[in-house]
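Me: I would like to go through how the chains of this assembly are arranged, one question at a time. Please reason briefly before each answer.

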6 protein chains.
Amino acid sequence: MPIVQITILPQSVEKKTEMSRVITDEMHRITGIPKDVITIMFHELPAESFATGGEMLSEKLKEANKS
Amino acid sequence: MPIVQITILPQSVEKKTEMSRVITDEMHRITGIPKDVITIMFHELPAESFATGGEMLSEKLKEANKS
Amino acid sequence: MPIVQITILPQSVEKKTEMSRVITDEMHRITGIPKDVITIMFHELPAESFATGGEMLSEKLKEANKS
Amino acid sequence: MPIVQITILPQSVEKKTEMSRVITDEMHRITGIPKDVITIMFHELPAESFATGGEMLSEKLKEANKS
Amino acid sequence: MPIVQITILPQSVEKKTEMSRVITDEMHRITGIPKDVITIMFHELPAESFATGGEMLSEKLKEANKS
Amino acid sequence: MPIVQITILPQSVEKKTEMSRVITDEMHRITGIPKDVITIMFHELPAESFATGGEMLSEKLKEANKS
């Protein structure tokens with residue numbers, strides 16, 4: 001019954017598949033919780049929906065590309 | 001002020017409407033909390049964003065359809 | 001795999017048990033999703049951790065008790 | 001490391017940018033937490049995914065527009 | 001109906017009260033959404049429940065206090 | 001800026017520390033996202049706050065212990 005909610009920029013299905021597999025395996029290994037009760041969910045948000053330090057991630061990426 | 005957040009595969013507006021009505025009615029009946037302070041939100045995610053047991057739901061659905 | 005997260009003032013185990021049972025039954029009835037893949041979680045918060053309209057719920061309850 | 005998750009109807013980038021900046025500034029001013037460890041995320045949901053009082057927000061908006 | 005969920009180290013009631021008031025005022029000013037439909041919730045977690053860069057916040061604080 | 005929120009039964013600090021380290025390492029390896037912008041948070045809930053299939057986890061554990 002553990003729930004893992006990952007909020008992240010959009011990712012390919014391959015990367016989500018691998019993250020799901022590895023995180024489930026490792027949580028099972030560390031806690032002993034059976035794998036089949038571990039649920040993982042990806043909330044994918046665009047860079048215009050994330051801010052750190054008060055600045056939108058979309059702005060930070062633009063600045064990084066300029067330099 | 002209770003908040004009910006439902007993360008689920010995409011649903012029709014009719015089903016979301018009925019779930020909202022029934023869950024609000026039942027929470028009010030059980031707890032006595034007034035209906036108008038109960039908020040329900042649906043986060044609809046595709047099958048490529050859910051995994052259980054380390055396997056993506058989209059893969060499980062494909063396998064189920066084969067058999 | 002639907003996840004229902006309920007953020008609410010502290011509730012008795014009896015009320016959480018009944019809400020879990022009824023909400024699971026109703027979601028199954030409305031969507032056809034099997035009951036055993038529906039997970040419900042209660043995040044219980046004190047009145048000092050909720051605000052609406054910019055005012056803490058703990059303050060609103062104090063005012064309501066005065067009148 | 002504080003995380004602020006805002007679930008709201010879709011908003012313009014300008015409004016999300018200003019909310020991010022102001023909320024980060026104010027949380028820093030009030031708590032002393034450095035701005036660059038404050039993360040803000042916007043989960044934008046359509047009116048068909050929100051209900052209060054058991055009624056979908058999309059229905060409430062239709063009724064409000066009629067009158 | 002916007003919901004603001006703040007996950008943060010434990011804070012005094014005074015600081016939570018002021019954050020609630022200011023964030024509600026600013027969201028109202030920026031978006032025009034009425035204040036009384038804005039809900040704010042604080043999920044307070046100990047430093048042993050937060051990690052960044054793969055290291056628990058409780059460990060980082062210990063190291064910072066040593067130097 | 002990815003945020004990983006894990007809702008789980010109470011865990012030791014050692015297990016949370018190891019999960020944080022491994023999940024951060026693996027997400028970095030799979031996505032290339034720098035480790036220091038990955039935040040992990042544990043919401044630990046008692047068995048009386050989790051239900052699957054409409055039954056509280058605390059009840060399931062009692063039944064399992066009887067047999």
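Reply: In this predicted model, chain E can be laid on chain D by a turn of 180° with a shift of 0.0 Å along the axis, and the superposition leaves an RMSD of 0.0 Å. The two copies are thus related as by a two-fold rotation axis.

Me: Which residue of chain E comes closest to the rotation axis?

Reply: The axis in question is the one that relates chain E to chain D by a turn of 180°. Of the residues of chain E, the one that comes closest to this axis does so at 2.5 Å, taken at its C-alpha, and is Q5(E).

Me: Are α1(D) and α1(E) roughly parallel or roughly antiparallel to each other?

Reply: The axes of helix α1 of chain D and helix α1 of chain E, each covering residues 13-31, come within 10 Å and cross at roughly 160°. Angles over 145 degrees count as roughly antiparallel. The helices α1(D) and α1(E) are therefore roughly antiparallel.

Me: Which rotation axis relates chain A and chain D?

Reply: Chain A is superposed on chain D by a rotation of 120° with 0.0 Å of shift along its axis, at an RMSD of 0.0 Å. The two copies are thus related as by a three-fold rotation axis.

Me: Do chain A and chain D meet through the same surface or through different surfaces?

Reply: Of the interface residues of chain A, only 9% are also interface residues in chain D, so these copies meet through different surfaces.

Conventions
Residues are numbered from 1 along each chain as its sequence is written. Chains are lettered from A and ligands numbered from 1 in the order in which they are written. This is a predicted model: local features need pLDDT of at least 70, side-chain atom pairs count only at pLDDT 80 or more; totals for chains, interfaces and linings use all residues. Side-chain values use heavy atoms; hydrogens and water are left out. Axes are lines fitted to C-alpha atoms, for helices over the stretch in contact, and angles run from 0 to 180 degrees between N-to-C directions. Helices (H or I, at least four residues) and strands (E, at least two) are DSSP runs, numbered from the N terminus. Angles under 35 degrees count as roughly parallel, over 145 as roughly antiparallel, 65 to 115 as roughly perpendicular and the rest as oblique. Copies are superposed by least squares on the C-alpha atoms of residues with pLDDT of at least 70 in both. Contact means heavy atoms within 4.5 Å.
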